[in-house]
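New page in the notebook. I pulled up a structure I hadn't seen before and wanted to get my bearings.

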Amino acid sequence: MPDTTKGKPVRKTKKRLPRSAYSREELVEIFSRFRQERPAPKGELMHVNPFTLVVAVALSAQATDIGVNRATKDLFKVADTPQKMLALGEEKVGEHIRTIGLWRNKARNVIALSRKLVDDFGGEVPQTREELVTLPGVGRKTANVVLSMAFGIPTMAVDTHILRLGNRMRLAPAKTPDDVETILMRIIPEEFLYHAHHWLILHGRYTCVARKPRCEACIIADLCKSREKTCDIPAPIVPIVDQEIPI
Ligand code: SF4
């Protein structure tokens, strides 16, 4: 049934968002090259199951993946389930993650989210965004990462790298992560959608870096429409088959 106001049907319109500077053909070419370079891209947060992934992503806010991996290496050896995390307790969790920014809050959240998983979800990580964001310390970005990496659902978790790339490249020129996410989910051709999140993060982390993009090392330099780019010649594609997790 359509919504009505005084008997007139009200159309639900899509939010108007800025347009990407790229045509579908250009997007296919860009993501084809990313796929050639990294046929099986992975996230760089170490985890052993959906629960440890939720914890690692929650810990990664305002911290580097390497810093989180160093802290969780030993933590996950002793606590890889919500029950074990609760048994370990907030103080001990805090000792493991003391090298990460905001560690006190994060230790509290890890315990609180473990308790909620045990109390409300039978100790299992839920598989919907609506349920995931009810966990303490878990926002939309964390939920998207978990849906994609743990459950194989295509999502676009917009972190600082994707927000920057969306605007710098004019791929998804918008101010908020939510709007960048919506634009990217609309424009990325479906065949690339599942891996697109990791391709963009890794491109932002290693090539289109924050301070000064490494355009001379960029495999899409000829296609890029950034006003900041310093080179038009694409770097040769060297496939990276075994991606290492940094520790
Ligand atoms: S050409 Fe430069 S600005 Fe454009 S995507 Fe590549 S590294 Fe980034």
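I started with one helix, α1, and its buried residues: Ile 30, Phe 31, Phe 34 and Glu 37. Those buried residues cover an arc of only 115 degrees around the axis, which puts them on the same side of α1. A reminder to myself: an α-helix has 3.6 residues a turn, so residues three or four places apart point the same way. I should also note that this is a predicted model.

Next I asked what the buried residues of α1 pack against. The partner turned out to be α11, residues 190-206. Then I checked the face of α1 turned away from that buried side, and there I found the exposed residues Arg 24, Glu 25 and Gln 36.

I also checked the length of α1, which runs over residues 24-37. Its 14 residues, at 1.5 Å a residue, should span 20 Å, and the end C-alpha atoms are 20 Å apart, so the two agree.

Then I stepped back to the whole chain. I noted 247 residues, of which 36% count as buried. There are 11 helices and 2 strands, and along the sequence the two strands come before the helices. The C-alpha atoms fill a box of roughly 60 × 55 × 25 Å along the principal axes. Of the contacts between residues at least 6 apart in sequence, 59% join residues at least 24 apart.

On to the domains. Domain 1 is made of 24-42 + 154-217, while domain 2 covers 50-151. I found their centres 26 Å apart, taken over C-alpha atoms. How many residues are in contact across the two domains? I got 8 from domain 1 and 5 from domain 2. On the domain 1 side, the touching residues split into 5 nonpolar, 2 polar and 1 charged.

Last entry: the core. The largest nonpolar core holds 57 residues, and Val 54, Ala 56, Val 57, Ala 58, Val 110 and Val 146 have the most contacts inside it. Several helices each supply at least two residues, including α1, α3, α6 and α11. Which helix gives the most? It's α2, with 8 residues. Both domains give residues to this core, so I place it between them.

I picked Ala 56 for a closer look. Leaving out residues up to four places away in sequence, Ala 56 touches Leu 45, Met 46, His 47, Val 68 and Thr 72.

How values were computed: Residues numbered from 1 in each chain as written. Predicted model: local features only at pLDDT ≥ 70, side-chain atom pairs only at ≥ 80, totals over all residues. Domains from an automatic or database assignment. Contact = placed C-beta atoms within 7 Å. Nonpolar A, V, L, I, M, F, W, Y, C, P; charged D, E, K, R; others polar. Helix = DSSP H or I, 4+ residues; strand = E, 2+ residues; numbered from the N terminus. Expected span 1.5 Å × (residues − 1). Buried ≥ 20, exposed ≤ 12 C-beta atoms within 10 Å, placed from the backbone. Arc of directions from axis to C-beta. Core = buried A, V, L, I, M, F, W, Y, C linked by C-beta atoms within 7 Å.
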